[in-house]
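Thank you all for making the time this morning. I would like to walk you through one structure, beginning with the empty space inside and then turning to the contact between the chains.

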Amino acid sequence: MANEITFTGLSSAGGRVASVLSALLFEKIHDPTDLRAVMTEVPWGMAGSDTMSVTLDGAPGAFAAATSETVGGASNSAYGSGKFDLQIARYLRKYQMSDLFGVSGGPIDAAAIVQTLADGVGITVTDVLTSLFNSLSSAVTASTVLTVDDVYSAMYTLNLAGAASSAEAPYSLVIHPKQMNDFRTSLRAETGALEFVSAGILEAKGPGYQGNWQGIDVWQSDSCPTVDTAAHYSGAMFAKDAFAYTMAPVRALQGHVPAANILIDAGELLIEADRDATNGLTSAVASCFLAVSEAQDSLGVELKSDV
Amino acid sequence: MSQTIHLTQPKRDVQTVETRSGLPVHKQRPQARFVYVVFPKSWEYHDDHGFIPVMRRLVAKPGANGVDNRGNLNRPIASAIQKGGAYIDPKDTRLGPFMDYVQYYDTENGGRWYVDFCSKATVLASGEIIWNTRESGDEFARFRKHVADAGIVPAMLPEVFEWIIIREEQKAQQLMHRSDSSPHLLAKYDKQCERIDRMRKTWEDMKGTKAKAAGKASSPRRKKADNIIEG
C-alpha cells in the first residue's frame with residue numbers, strides 16, 4: 001500500500017499542525033488574597049498634600065473623687081488624642097504588546113491583559129499590609145511551628161490590650177499558607193470543642209478567607225513575609241481599626257490623561273494605553289495611589305513561626 | 001606578512017548561553033529596604049546567648065506607615081521611637097562588625113532584594129529560593145547579642161524579665177493541665193521547667209555582673225505616703 005493520507009505525513013507536507021490553541025483560558029496559579037476587608041477604609045481627601053493625618057480621639061476616662069467639700073477642685077487631665085498618617089504612593093504595573101501579538105490573535109488578547117492588571121490591585125494592598133506585621137510592637141513567637149497555643153497567646157495579648165472582638169467586627173488572623181497548615185495540624189491534636197468552621201459553609205468574605213475559629217476570622221496569604229534571616233514567617237492577629245488604608249480616586253487625573261487612552265477607570269484604578277506607533281507597540285499601564293498604616297499599634301500582635 | 005594564529009578559546013555568545021545571576025522574582029516578591037527597632041518588651045531567651053533583643057523591622061515600602069515614594073523611613077522611625085522603640089542605625093559605629101546590617105542581593109530583573117547581612121540563598125534550577133536559615137540564624141543571634149552588649153538598645157528591665165517568666169510559667173502550667181488527657185506532654189512540661197530554671201539562672205548571672213559593675217551605688221529611696229489609711 002502507498003500514498004495513505006496520514007497525520008504524520010500531512011504534519012510535514014502541510015495540512016496538519018502539531019498543536020492548536022484551545023479557546024479555553026486557564027488561570028495560572030496565584031494567591032489572589034485581598035485583605036482590604038480586614039482594614040478600615042479612610043476616604044481620601046484631596047486638600048493639597050500627599051499625606052492625610054487621621055486623628056485618634058482621646059479615650060474617655062473615669063472621674064476622680066473630690067478630695068474636699070470646699071477646696072482643691074481638680075487638676076487638668078490630659079486629653080490623650082493621637083494621630084496616624086496615610087501617605088499615598090503610586091503603584092503601577094505595565095504590559096507592552098506588539099502589533100504582531102494583536103493581529104496574530106489567540107486566547108490571550110488585550111482585554112485579558114487589562115483584566116490581569118485590574119486583578120492585581122488587591123494583591124498590591126495585601127503586600128503593603130503584610131509588610132507592616134513585623135513592625136507591630138507586640139509579638140508571639142512560636143517555639144517551632146504555629147500551634148493552637150500560639151494563636152491563643154495572641155488572642156490573650158489582644159484581650160489584655162483591650163482590643164474588642166464582636167460578631168460584627170471579629171479579630172482577624174492573617175497567616176502564611178505554611179502557618180495555616182501547621183495551625184490545622186495542631187487543631188487535629190486538640191481535644192474538646194474547638195471547631196474550625198471552614199469558609200465553604202460560611203458567607204464568602206473574599207479570596208484568602210479560610211474560615212472562622214473561636215470567633216476569629218482566619219485568612220491566609222502568601223504575601224506574609226519571612227523575617228529573622230528568613231527563619232520565620234510573619235503573620236498577625238488584629239482587631240478592627242488596627243490598620244487603615246486609603247486609595248486616592250484616579251478620576252482626578254481626567255484632565256491629565258486623554259479620554260481616548262483610558263482603558264479602565266475603576267475609581268481607584270486607572271489603566272491607560274500608551275502607543276508607540278513607530279515600533280508597533282502598545283502599552284497598558286495600570287496605576288493606583290494607596291497608603292496603608294498602623295492606626296493603633298496595641299490592636300495588633302505579630303505571630304511568628306518557623307518556615 | 002601575515003602569520004599563522006591559533007584560536008583555542010571561543011567567546012561565549014550571550015544570545016545563546018543563558019547566564020543566571022541574582023534572585024529570581026517571578027515566584028517570590030523581593031523584600032524592600034528596612035531598618036530595625038527594638039521595643040522595651042521585645043526580648044527573648046536564647047539557649048546560647050541568654051536574653052537578647054527581638055528585632056522589629058520597619059520596611060521602606062512606599063505608602064506603608066508613612067513611607068514616601070522615595071522610600072524615606074523618617075516617619076515610621078519617629079513613630080516607633082514615640083512608641084518607646086530604640087532605633088538601630090545601620091551606620092552606628094558601635095555596631096562594629098555588624099555595621100550596615102542591611103544588605104542586598106541583585107535580582108534577575110535588575111532590582112534589589114534586601115536581606116540581613118548574614119542571609120545566604122541557594123537558587124534551584126526551578127527558580128525556587130532556599131534560604132540557609134540555620135547558619136545565618138546563629139550569626140543573626142550574635143548580632144542581637146552585640147546590639148544589647150554594646151548598649152545600642154536599653155538593657156532589659158527586671159519587670160520585663162518577670163513578664164517573660166510569668167508567660168513561660170503559664171505555658172508550663174497549661175502543659176501540666178493538659179497532660180492529664182495527653183501524658184506525652186509531661187516530657188514537654190519537664191523541658192519547659194528546665195528552660196525556666198535556665199532563664200532564672202541567666203538573669204541572676206546578668207544581675208550579678210551588673211551589680212559588680214555598679215559598685216556600691218545606692219538604690220533610690222521610695223517616697224513614703226503620709227497616711228495611707230486616712231489620706
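If we sort the lining of the largest cavity by class, we find six nonpolar, four polar and two charged residues. I should say straight away that this is a predicted model, and please keep that in mind for everything that follows.

The volume of this largest cavity comes to about 80 Å³, and the residues that line the largest cavity are A:T226, A:V227, A:T229 and A:A230 from chain A, together with B:Q31, B:R57, B:W113, B:Y114, B:V115, B:D116, B:S119 and B:W131 from chain B. Two elements give two or more residues to that lining, namely β10 of chain A and β7 (112–116) of chain B, and of these it is β7(B) that gives the most, with four residues.

How many cavities of 30 Å³ or more does the rule count? The count comes to two, and the second largest has a volume of about 50 Å³. On the side of chain A, the second largest cavity is lined by A:S131, A:L132 and A:S135, while chain B supplies B:R57, B:L58, B:V59, B:A64, B:N65, B:L73 and B:P76. Strand β4 (residues 56–59) of chain B gives the most to this lining, with three residues, and by class the lining divides into six nonpolar, three polar and one charged. You may have noticed that B:R57 appears in the lining of the largest cavity and again in the lining of the second largest.

Let me now turn to the interface itself. Here 39 residues of chain A are in contact with 34 residues of chain B, and between them the two chains bury about 2700 Å², with 43% of that on carbon and sulfur atoms. In chain A, the residues that lose the most area to chain B are A:Q87, A:N134 and A:T229, which together make up 23% of what that side buries; A:T229 is also among the residues lining the largest cavity.

As for polar interactions, the rule finds seven salt bridges across the interface, one of which joins the side chains of A:D222 and B:R29 at 3.2 Å, N to O. It also finds 17 residue pairs in polar contact, counting pairs with both residues at pLDDT 80 or more. Among the elements of chain A that give two or more residues to the side touching chain B are β3 (82–87), α4 (120–130) and β16 (300–306), although β15(A) gives the most, with five residues. That side of chain A divides into 16 nonpolar, 13 polar and ten charged residues.

Key:
Residues numbered from 1 in each chain as written. Chains lettered and ligands numbered in written order. Predicted model: local features only at pLDDT ≥ 70, side-chain atom pairs only at ≥ 80, totals over all residues. Heavy atoms only, no water. Contact = heavy atoms within 4.5 Å. Buried area = accessible area lost by both parts, 1.4 Å probe. Salt bridge = Lys/Arg side-chain N within 4 Å of Asp/Glu carboxyl O. Polar contact = N/O pair within 3.5 Å; in protein donor to acceptor, adjacent residues only side chain to side chain. Nonpolar A, V, L, I, M, F, W, Y, C, P; charged D, E, K, R; others polar. 1 Å grid on protein atoms, 1.4 Å probe; cavity = no way out; pocket = protein on both sides within 12 Å on 5 of 7 lines; lining within 4 Å. Points joined across faces, edges and corners; volume = space filled by probe spheres on them.
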